[in-house]
Amino acid sequence: MLAWDAQQNGLSVTDSDTAALAVTGTEFSIDEADPPLDVPRPVDETIAVTARELRLPHAVVYAFPRESSTPLELDPCGDPLSLSPGEYVVDVDTEIKTYLQFAGAARIERTDDFESVVVSFPERTRVILGFRSRHEFPTGTITVPDSPAALAQAVSYLSSSHKTTGPDRSYPTLRGHPPLLESGDELAIPDCVRADTPQTGTELVVPPEYESLYVTAPLAYYLQARVRTDPTINGPRLCLPEYDVERSLPGPPRLEREVEQLLRQTFFLDCLVRNAGPYGTELAESRLLEILDLDSESLYAAPPQDRLATYLDIPFEAIEHRLPDWHLATYVAPEFSRVETLPFLLDRMSLLYRPRTSTLEGRELVERSLEAFYRTGERAGTGGQVASVDIVKPELRHGRAHGWLADGVPVDVFTAAPEAYHNRLAFLDRTCGEISVCVVLNDPDMAGEHDDVAEIYRSRSGDLPMTVTVEDGLTTAELARVFETGHDFVHYIGHCETDGLCCPDGTLSTASLDRCTAQTFFLNACGSFYEGRALIEKGSVAGAVTVTEVLNEHAIKVGSTFATLLVNGFSIERAMELARRRIMMGKDYTVVGDGTHSLTQGEHRVPTTLRIDELDAEHRRSSRAIRNGDPDASTASAASAASTASNDTDGTSQPQQTARNDQPRYLVTFDCYSTRVTGSYYFPHTADNEVAYLCGSESNFIVSKPELVTLLKETEASVIYDGDIYWSNSLWSHFDE
């Protein structure tokens, strides 16, 4: 659902997934009396406006002339795009997909700070604006009985949400939400789902067991494969009948690694090949196609089985070190009772693993035993006990973020719940409007965090439609109303005991609520895990909690950093992952519910993290050697500066040399990834960069101090520097001498 409101010299567009878009203009007016308008693209809303100039958020931009099938791309480096008189559709890849249709000449350019895209006309021009929300509700529900054979058939139809069978399916905008699954007495597939399911000819044959079905589901979903069971085989088989190709896969547990490799390889190569199509861009990783002797144009046009057969001929070892990190892994018990979660996990393109745990030992045991130093002493006189949580250590496999759908409370993993995914859909149905944030202070000793986070939320409300309410000393009844009255985010600062959240008149057990309508939350209180989990069961989507007692000083650091990241578009899991780096006992904080959920949209569609490392004199000498053409020096410099830097000859993450003198220099590493938009790319705005990078691939640049200041001023990002986390606009002055 999309909604728009007229603003001074422009309009504001929001959707039910909390995305927001501002379009402003010069000599701007809205033509509200016009009849329904058509744009030759899939859109949810159209609006006719007249303006001399339109300004939109920074984005990738393509202009499609009506008389030509070849798109014109706005130069990522800043050169303007001049359009001669004609009819055009301009594609602006903002968080809410935006199209501009007009007739006439135009000039498209980026502002000097790369914060905006400006479309200007020689005179006032009528423009039809088309908008499409990136989120889609699932279409239809498949009923599945308790049978591996029936689940195999159901998984075959989950790819009905894909918009294409070509490499463009690697774009997140061309993969919709799969149909839902629910248990029932017999298999029932809606006619609309059957009609929308593509026939690629690819087959995946598995033994009739749930573990193999769960592990292979992400691969089957992305490949749009027909899945069936065969009791005579020991391990799955990937079959391409038209090409007489069959790949035998091992049974569990080795099956997990094989599926991970196949999915990562296929998805990555699709991301490279798709650039031969109309929406291509200059990717740093694309040089790999030449090394592998792959023709992207022929592969782009090839049938699905033909293209996949070519991919399967490439050894995984040939591309392994060039693959972006996969964004998400979920550890789910392969049981029929978990079937309803599969569509939500596939919507996020998560790898699926069987959950395994081991005991905490060594340093981890020491860390867990430090509770005596925690808030117990500071809480003298409260008279209550903190709820204890038995922690397990998960055996993590490949993935940047990790979710847990099994028994136990793991460290370093967000604890998901089936209710959380369904709750997310319920919130998407809610009417678009302002984001409502409520900060509750029920512990006077935590006033420092209270003041910090309230100011953080208020400052962000200048950029987003957001209201911020601050409450102090709420009673149990008042706090219950906060959770029951529809806030998008509740930040509770106080204490928590075994009976619930502490209030002046007692404790509030969140399990006693009839219904929780707070979309997300942060219970920054000792041992708040169970209270947070109850909020998920009562209606919330996700929240941050603690699993033991925490120091006030630590709580303040984590709370303020988490608030900054959350309101700048980071998912709850990623915001907490970065925030807890600020304290030694970061494992005491965790996330419950759907950790991939985001409260707001940031300045950039994919949240960005920078890592800054100062180069010493030896590195600077190596940099000079690089500029003089010594390739060995390049490898030595980058490798010693950052262990994640790679200096492959294809340039996938080789540091770019932008510093030009012997002043202090810094290695800046860009890290952009999101569990919501797998397959996207980002463009680092440094002086000499001319290419984009796939999300999940780090990019590295050597910059001078003045260049670093400019970068921090122009990039809204979290920054890891000197062992701590900062926000870019608060750090640039440190280097500005």
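# A guided tour of the predicted model

Begin by selecting Glu497 and Gly500: Glu497 stands opposite Gly500 in strand 30. The structure on display is a predicted model.

**The sheet around strand 30**

Extend the selection to strand 29 and to strand 30, which covers residues 500-503; two bridges join these strands, and they run antiparallel. Next, add strand 31 to show the whole sheet. Its three strands follow the order 29-30-31, the sheet is open, and the pairing is antiparallel. Strand 29 (496-497) and strand 31 (506-508) are the edge strands, each pairing on one side only. Now display residues 476-484, which form helix 13. Helix 13 lies across strand 30 and strand 31, and runs at about 15° to strand 31.

**The whole protein**

Before the next stop, return to a view of the entire chain. The protein contains 20 helices and 42 strands. Of its 737 residues, 61% are buried. Among the contacts with a separation of 6 or more, 72% are between residues 24 or more positions apart.

**Strand 26, an enclosed strand**

Select residues 435-441, which make up strand 26. Is this strand largely enclosed by the rest of the structure, or exposed? Seven of its seven residues are buried, so strand 26 is largely enclosed by the rest of the structure. In a regular strand, side chains alternate between the two faces of the sheet. Colour the two sides of strand 26 separately: Ile435, Val437, Val439 and Leu441 lie on one side, with Ser436, Cys438 and Val440 on the other. Both faces are covered, and the residues on each are all buried.

Add residues 466-472, which form strand 27. Strand 26 and strand 27 pair in the parallel sense, over seven bridges. To find one position in this pairing, select Ser436, which stands opposite Thr467 in strand 27.

Two further residues can be visited from here. Asp451 belongs to helix 12, residues 447-460. With a relative accessible area of 49%, Asp451 is partly exposed. A distance drawn from the C-alpha atom of Asp451 to that of Val470 should read 9.5 Å, and these residues are 19 apart along the chain. Then select Thr600, in the loop between strand 34 (589-593) and strand 35 (608-615). Thr600 counts as buried, at 2% relative accessibility. Thr600 and Pro465 are 135 residues apart in sequence, yet 9.9 Å apart in space, C-alpha to C-alpha.

**A sheet with mixed pairing**

Move to strands 21, 22 and 24. These three strands form an open sheet in the order 21-22-24, and the pairing is mixed. The edges are strand 21 (357-358) and strand 24 (409-410), each of which pairs on one side only. Strand 22, residues 391-394, pairs with strand 24 in the parallel sense over two bridges. Within that pair, Val392 stands opposite Pro410 in strand 24.

**Helix 4 and its surroundings**

Two packed helices are described by the angle between their axes and the distance between the axes. Select helix 4 together with helix 7, residues 304-312. They pack at an angle of about 115°, with their axes 10 Å apart. The crossing of helix 4 and helix 7 is right-handed. Show the side chains of Leu262, Gln265, Thr266, Leu269, Asp270 and Val273 in helix 4, which meet Arg307, Leu308, Tyr311 and Leu312 in helix 7. The residues of this contact divide into six nonpolar, two polar and two charged.

Now select Ser286, in the loop between helix 4 (254-273) and helix 5 (287-291). Ser286 is buried, with a relative accessible area of 18%. Leaving aside residues up to four places away in sequence, Ser286 touches Leu272 and Asn275.

**The last stop: helices 19 and 20**

Finish with helix 19 (residues 705-714) and helix 20 (residues 728-735), whose axes come within 8 Å and cross at roughly 160°. That angle makes helix 19 roughly antiparallel to helix 20. Helix 19 passes helix 20 in a left-handed crossing. Which residues make the contact? From helix 19 they are Lys705, Leu708, Val709, Leu712 and Lys713, and from helix 20 they are Ser728, Asn729, Leu731, Trp732 and Phe735. By class, this contact of helix 19 with helix 20 has six nonpolar, two polar and two charged residues.

Note on methods:
Residues are numbered from 1 along each chain as its sequence is written. This is a predicted model: local features need pLDDT of at least 70, side-chain atom pairs count only at pLDDT 80 or more; totals for chains, interfaces and linings use all residues. Side-chain values use heavy atoms; hydrogens and water are left out. Axes are lines fitted to C-alpha atoms, for helices over the stretch in contact, and angles run from 0 to 180 degrees between N-to-C directions. Helices (H or I, at least four residues) and strands (E, at least two) are DSSP runs, numbered from the N terminus. Angles under 35 degrees count as roughly parallel, over 145 as roughly antiparallel, 65 to 115 as roughly perpendicular and the rest as oblique. A crossing is left-handed if the near helix is turned anticlockwise from the far one by less than a right angle, and right-handed if clockwise. Contact means heavy atoms within 4.5 Å. Ala, Val, Leu, Ile, Met, Phe, Trp, Tyr, Cys and Pro count as nonpolar, Asp, Glu, Lys and Arg as charged, and the others, Gly among them, as polar. Buried means under 20% relative accessible area, exposed over 50%, partly exposed in between (1.4 Å probe, protein chains only). Two strands pair if DSSP finds at least two bridges between them.
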